[in-house]
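Here are some notes for a colleague who is coming to this structure for the first time. Please keep the sequence and the model open beside the text while reading.

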Amino acid sequence: MQMYQIEYEKPTVTLLQESGLGVAEIAARTCYDSFENSENECVKNAMQHLDTEAINEIENSDLLSNLAWVHHHHSIIEHATLSFLVQGTSRGVLQEHARHRLQAISVRSTRYTMSSVINAYVASLQAEEGFAFFFEKLLALKLFVISDEAYLKIEIRAIYEKLNFQHQRDEAFIQNAVAKSSLPFIETHKGDAEALYTALECGKKKRNVGDAFKHIVSDNWKVDMVVTFNIRSLKNYFDLRDSGAAWFQIQWLAQAMKEVTPRKYLKLIDKKYKES
């Protein structure tokens, strides 16, 4: 996808779990003591015989629809939740996404997961053309939401220069970059960047390697995360982020999340699906 003359990759989203609508209807019926009015038999008889399996399989609820669209009583639908696996959004999006506080969010940590980048730089020190080696390795890692190779050369060059700057100033650079048990590989594979990179990748990873090197990360860096929303919060997220006023990258994420959200939830939070 091209935006502003730059090629991007859109994120992918997978629905990991959904709680169903049954708990939300049970909650609503509890408030009004109106179980006998439900069109769902498992709810109508819930106080005499609680069939949790049937309750969790409810596809429609007239009461929830009425509360959502007539009375705008959305606290009830907080009992319904969905969890999404998000792959390949950006750190720039993460900053905006995290402002939605009513969610559970777990994000791939750069502190623990950037070893391959640092290994590529350490190995590049043994190459005749250090940047060319580094660029090839980082390109293969597919670290960025931008897919334009000409742009990526600029992005990766900036990372390389930042690491060069740090390497020249920090006498402990190698010790901060490589696990103690992997340090002998540097001497063993002296002058052979490819062999050193392979050895470092196969060896023990430096714990918290990102502590010394997170400064190289830009907003274009890819992020994977698992997020769980209740559908009241999800309504707010879609209202704000699937909007022409939102930044295009977070629009892409909201749209991808909406695409995998089952229709029975969208009918309660999105007017376009209300009558479907």
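1. The model is a predicted one, and a convenient place to begin is serine 106, which stands opposite valine 226 in β6. The two strands involved, β5 (103-107) and β6 (residues 222-230), run antiparallel and are joined by five bridges.

2. This pair belongs to an open sheet of four strands, in which the order is β3-β4-β6-β5 and the pairing is antiparallel. At the edges lie β3 (12-18) and β5, each of which pairs on one side only. On average, and with direction ignored, neighbouring strands of the sheet are turned by 20 degrees against each other.

3. Two helices should be viewed together with the sheet. Helix α14 (residues 231-241) packs on it, touching β4 (81-90) and β6, and its direction makes about 125 degrees with that of β6. Helix α15 (residues 248-259) also packs on the sheet, where it touches β3, β4 and β6, and its direction makes about 140 degrees with that of β4.

4. Helix α8 deserves a separate look. It covers residues 130-141, 12 residues in total, and reaches 17 Å from its first C-alpha to its last, which is close to the 16 Å expected at 1.5 Å a residue. After α8 comes lysine 142, whose phi is positive, near 50 degrees.

5. Which residues of α8 are buried? They are Gly130, Phe131, Phe133, Phe134, Phe135, Lys137 and Leu138, and the buried residues of this helix pack against α7 (115-124), α9 (149-169) and α12 (193-202).

Definitions and conventions. Residues are numbered from 1 along each chain as its sequence is written. This is a predicted model: local features need pLDDT of at least 70, side-chain atom pairs count only at pLDDT 80 or more; totals for chains, interfaces and linings use all residues. Side-chain values use heavy atoms; hydrogens and water are left out. The expected span of a helix is 1.5 Å times one less than its number of residues. Buried means under 20% relative accessible area, exposed over 50%, partly exposed in between (1.4 Å probe, protein chains only). Contact means heavy atoms within 4.5 Å. Two strands pair if DSSP finds at least two bridges between them. Axes are lines fitted to C-alpha atoms, for helices over the stretch in contact, and angles run from 0 to 180 degrees between N-to-C directions.
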